[in-house]
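Hi everyone, thanks for making the time. Let me put the structure up, and then I'll walk you through how the two chains meet.

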2 protein chains.
Amino acid sequence: MVFTAQINVMPLKDLLDPQGKAVLGGLHSLGLNNVSDVRIGKHIHLQIEALSKEEAHQIASDAAKKLLANPVMEMFEINII
Amino acid sequence: MVFTAQINVMPLKDLLDPQGKAVLGGLHSLGLNNVSDVRIGKHIHLQIEALSKEEAHQIASDAAKKLLANPVMEMFEINII
């Protein structure tokens, strides 16, 4: 079966997110002053061939740990559908 | 009240995603051959000061249309929590 894994990779909460800060400045320049914080990460869709949802989750987790996320600066969460 | 908007910005389905293709090659090099397709977009968290969930959604939608997503190449979806 083919599963879709949705992986969100976000900068760790304690770290600065310069890209988010830049976008926040841009939103304020556009008049969207109600926005007080922006954090930007990656949203990744994987198509995974696996026998079960659990196996698909394991493969997605492997992919995130080995390539998609940098554990020093980023955390990730996986949702299999 | 402060709401958190989670916005996913993804490349449109009909368009090539060169970043995804590169990552797919990387995953195969690492032996993760069960992954058949990768698409990569942005995952954005906004903190929004608003009176209601609907107003927060409206502000997030404005932000996505004006700055966060390029409608020619990307689609977005918003989830307010």
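So, the contact between the chains: 30 residues of chain B touch 30 residues of chain A. Please keep in mind that this is a predicted model.

How much area is buried between chain B and chain A? About 2,600 Å², with carbon and sulfur atoms giving 68% of it. On chain B, B:N34, B:H43 and B:Q47 supply 21% of the area that this chain buries against chain A, more than any other three residues.

Which elements of chain B are involved? β1 (2-11), α1 (18-29), β2 (35-49) and α2 (53-68) each supply at least two residues of the side that touches chain A. The largest share, 15 residues, comes from β2(B). By type, the residues on that side of chain B divide into 15 nonpolar, eight polar and seven charged.

Now have a look at the strands. β2 of chain A, residues 35-49, runs antiparallel to β2(B), and 13 bridges join the two. To pick out one place, A:I44 has B:I40 as its bridge partner in β2(B).

What about polar interactions? Between chain B and chain A there are 12 residue pairs in polar contact, both residues being at pLDDT 80 or more. The salt bridge count between these chains, on the other hand, is zero.

Last, the symmetry. A turn of 180° with a shift of 0.0 Å along the axis lays chain B on chain A, at an RMSD of 0.0 Å. That is the relation of a two-fold axis. The same surface serves both copies, too: 100% of the contact residues of chain B recur in chain A.

Thanks, and I'm happy to take questions!

Methods
Residues are numbered from 1 along each chain as its sequence is written. Chains are lettered from A and ligands numbered from 1 in the order in which they are written. This is a predicted model: local features need pLDDT of at least 70, side-chain atom pairs count only at pLDDT 80 or more; totals for chains, interfaces and linings use all residues. Side-chain values use heavy atoms; hydrogens and water are left out. Copies are superposed by least squares on the C-alpha atoms of residues with pLDDT of at least 70 in both. Contact means heavy atoms within 4.5 Å. Buried area is the accessible area (1.4 Å probe) that two parts lose on being put together, summed over both. A salt bridge is a side-chain nitrogen of Lys or Arg within 4 Å of a carboxyl oxygen of Asp or Glu. A polar contact is a pair of N or O atoms within 3.5 Å; within protein, one must be able to donate a hydrogen and the other to accept it, and residues adjacent in sequence count only if both atoms are side-chain atoms. Helices (H or I, at least four residues) and strands (E, at least two) are DSSP runs, numbered from the N terminus. Ala, Val, Leu, Ile, Met, Phe, Trp, Tyr, Cys and Pro count as nonpolar, Asp, Glu, Lys and Arg as charged, and the others, Gly among them, as polar. Two strands pair if DSSP finds at least two bridges between them.
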